[in-house]
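Trainee: I'd like to learn how to read a protein model step by step. Can we go through one together?

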Amino acid sequence: QVQLVESGGGLVQAGGSLRLSCAASGRTFSSYAMGWFRQAQGKEREFVSAISWSGGLTYYADSVKGRFTISRDNAKNTVYLQMNSLKPEDTAVYYCATPAEPNTYEYKYWGQGTQVTVSS
């Protein structure tokens with residue numbers, strides 16, 4: 001059974017940084033893409049970033065491009081989201097996700113989320 005556990009959220013002032021982690025278990029981590037999404041209160045969940053199985057391809061929402069960096073350590077079964085220059089509008093619950101099949105970005109498995117709050 002695939003399990004994803006996020007950590008690293010918290011309260012930070014605008015302009016600050018946080019690094020989120022997502023530890024995966026239950027299958028061969030290195031075979032699958034990983035993604036980060038977020039959901040602010042009262043809003044729909046939105047895509048933040050994704051990374052291919054090898055880490056060679058990365059994707060970002062326009063709203064975070066240049067401020068957030070996704071990476072992965074396949075030896076540690078962990079994906080990271082380094083968030084710099086945080087803004088109050090980045091406040092949300094952040095989720096990591098992974099697809100059911102290799103070579104796709106159709107996410108099936110989700111973590112429980114970690115709260116990020118950016119104060120102005």
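Trainee: Let's start with burial. What percentage of the 120 residues is buried?

Mentor: Keep in mind that we're looking at a predicted model. A residue counts as buried when its relative accessible area is under 20%. In this protein, 41% of the 120 residues are buried. You can also look at the outside: about 6,300 Å² is exposed, and 46% of that comes from carbon and sulfur atoms.

Trainee: How many helices and strands does the protein have?

Mentor: Zero helices and eleven strands. Reading along the sequence, you get β-β-β-β-β-β-β-β-β-β-β. The radius of gyration is 13 Å, close to the 14 Å from the globule rule for 120 residues, so the protein is as compact as a globular protein of that length. If you want a box around the C-alpha atoms, take roughly 40 × 25 × 25 Å along the principal axes.

Trainee: And how do I read contacts along the chain?

Mentor: Ask how far apart in sequence the partners sit. Take the contacts between residues at least 6 apart: 56% of them join residues at least 24 apart.

Trainee: Which residues form a disulfide?

Mentor: Look for two cysteine sulfur atoms within 2.5 Å of each other. Here Cys22 and Cys96 pair up, with their sulfur atoms 1.9 Å apart, and the structure holds one disulfide. Cys22 is in strand β3 (residues 18–25) and Cys96 in strand β9 (residues 92–99), so the bond ties together parts that are 74 residues apart in sequence.

Trainee: Is that disulfide right-handed or left-handed?

Mentor: Check the torsion about the S-S bond. For Cys22 and Cys96 it is about 50°, so this disulfide is right-handed.

Trainee: Are the two cysteines buried or exposed?

Mentor: Cys22 has 0% relative accessibility, so it counts as buried. Cys96 is buried too, with a relative accessible area of 0%.

Trainee: What about phi? Which residues should catch my eye?

Mentor: Most residues other than glycine have a negative phi. That's the background to keep in mind when you meet a positive one. Asn77 has a phi near 55°, which is positive, and it isn't a glycine. You'll find Asn77 in the loop between β7 (68–73) and β8 (78–83), and it is partly exposed at 27% relative accessible area. Ser85 isn't a glycine either, and its phi is about 50°. Ser85 sits in the loop between β8 and β9, partly exposed with a relative accessible area of 41%.

Trainee: Is a loop residue such as Arg67 buried or exposed?

Mentor: Don't guess from the loop; look up the accessibility. Arg67 lies in the loop between β6 (58–60) and β7, and at 10% relative accessibility it counts as buried. Setting aside neighbours within four places in sequence, Arg67 touches Gln82, Met83, Asn84, Ser85, Leu86, Lys87 and Asp90. Ser85, with its positive phi, is one of those partners.

Trainee: Can we try a strand residue as well? Where is Gln3?

Mentor: Gln3 belongs to strand β1 (residues 3–7). Its relative accessible area is 44%, so Gln3 is partly exposed. Beyond the neighbours within four places, Gln3 is in contact with Ala23, Ala24 and Ser25.

Trainee: Last one: how do I read the charges?

Mentor: Count the two sets, then compare their centres. This protein has 11 positive and 9 negative side chains, and the centres of the two sets are 4 Å apart.

Terms used
Residues numbered from 1 in each chain as written. Predicted model: local features only at pLDDT ≥ 70, side-chain atom pairs only at ≥ 80, totals over all residues. Heavy atoms only, no water. Helix = DSSP H or I, 4+ residues; strand = E, 2+ residues; numbered from the N terminus. Rg over C-alpha atoms; globule rule 2.2 N^0.38 Å. Buried < 20%, exposed > 50% of the residue type's maximum accessible area, 1.4 Å probe, protein only. Contact = heavy atoms within 4.5 Å. Areas by Shrake-Rupley, 256 points an atom, 1.4 Å probe, with all protein chains shown as cover. Lys, Arg positive; Asp, Glu negative; His and termini not counted. Charge placed at Lys NZ, Arg CZ, Asp CG, Glu CD.
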